[in-house]
Amino acid sequence: MVCQTRVRHEDRREYTKHMLRLRHASQINGDEANEIILLNSHDGTSSYQMLAGMFRFVCHNGLVCGDTLADVRVPHKGNVAHQVIEGAYEVLKGFERIQESRNTMRIITLDEGEQEVLARSALALKYDAPDKVTPITEAQVLTPRRFDDRGGDLWSTFNRIQENLIKGGLNGRSAQGRRQRTRPVQGIDQNLRLNRALWMLAEGMRQLKA
């Protein structure tokens, strides 16, 4: 998958920040695939950045795993190509730890109260409003979009929350009571920031329940 930030001036289109999500061909027929997420800008205003990610084919949804785990930055100077290749290998090493976290999340069962706490914390991250009323409820972000995501395990709960917040499309109400529909998170920086925060939230719950 490839995307780039929108630009106001056409002459900046060739230099804007862009993101590539790279996965191995051997994993495209599975349920999930590990990904190396590459961020870059052609004009050198930001370093190459490589992160570990995961793609769920059933919902065409990309996760970003970890905070500092498998996070490599390469400045636009020196032997950049060599450093990028070495960085990719570093990200690959992080997939084993991510796999362990995912497997553990799958065997951790959350009761309704714990799921609600996780959803409430995720809403606070999304709307940066821990003490304010959010336009949508915990129940809405916990609602599965497909039958297979109904489980009460931590992995399923995390994926329901992540997909609902990233993809949007939920009916809600503004602080003034007006009806509104949540928007998808499309900006590269905003998507990565929220995705990583949600992963760390799920990781925190995993550690508490382990």
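**Strand β3 and its neighbours**

I started with the pairing of β3 and strand β4 (residues 48–56) in this predicted model. The two strands run antiparallel and are joined by eight bridges. I then looked up a single position and found Leu39 opposite Gln49 in β4.

Next I checked strand β2 (residues 17–22), which is also antiparallel to β3. I noted six bridges between β2 and β3. Here Met19 has Leu39 of β3 as its bridge partner. Leu39 therefore appears twice in my notes, opposite Gln49 in β4 and paired with Met19.

Is β3 (residues 32–41) buried or exposed? I found 10 of its 10 residues buried, so β3 is largely enclosed by the rest of the structure. I sorted these residues by face, because side chains in a regular strand alternate between the two faces of the sheet. On one side I listed Glu32, Asn34, Ile36, Leu38 and Asn40, and every one of these is buried. On the other side I listed Ala33, Glu35, Ile37, Leu39 and Ser41, again all buried. Both faces of β3 are thus recorded as covered.

**Helix α5 against α2**

I turned to helix α2 (residues 112–127) and its packing on α5. The axes lie 10 Å apart, at an angle of about 150 degrees. Because the cut-off for roughly antiparallel is over 145, I entered α2 as roughly antiparallel to α5. Their crossing is right-handed.

Which residues make the contact? From α2 I wrote down Glu114, Leu118, Ser121, Ala122, Leu125 and Lys126. From α5 I wrote down Leu194, Ala197, Leu198, Leu201, Met205 and Lys209. Sorted by class, the contact of α2 with α5 has eight nonpolar, one polar and three charged residues.

**Helix α5 against α1**

Last, I looked at helix α1 (residues 80–107) and helix α5 (residues 188–209). Their axes come within 10 Å and cross at roughly 60 degrees. That makes α1 oblique to α5. I noted this crossing as left-handed.

In α1, the residues I found at the contact are Ile98, Ser101, Thr104 and Met105. They meet Trp199, Ala202, Glu203 and Arg206 in α5. By class, I entered four nonpolar, two polar and two charged residues for the contact of α1 with α5.

Key:
Residues numbered from 1 in each chain as written. Predicted model: local features only at pLDDT ≥ 70, side-chain atom pairs only at ≥ 80, totals over all residues. Heavy atoms only, no water. Axes fitted to C-alpha atoms, helices over the stretch in contact; angles between N-to-C directions. Helix = DSSP H or I, 4+ residues; strand = E, 2+ residues; numbered from the N terminus. Parallel < 35°, antiparallel > 145°, perpendicular 65-115°, else oblique. Left-handed = near helix turned anticlockwise from the far one by under 90°. Contact = heavy atoms within 4.5 Å. Nonpolar A, V, L, I, M, F, W, Y, C, P; charged D, E, K, R; others polar. Buried < 20%, exposed > 50% of the residue type's maximum accessible area, 1.4 Å probe, protein only. Pairing = 2+ DSSP bridges.
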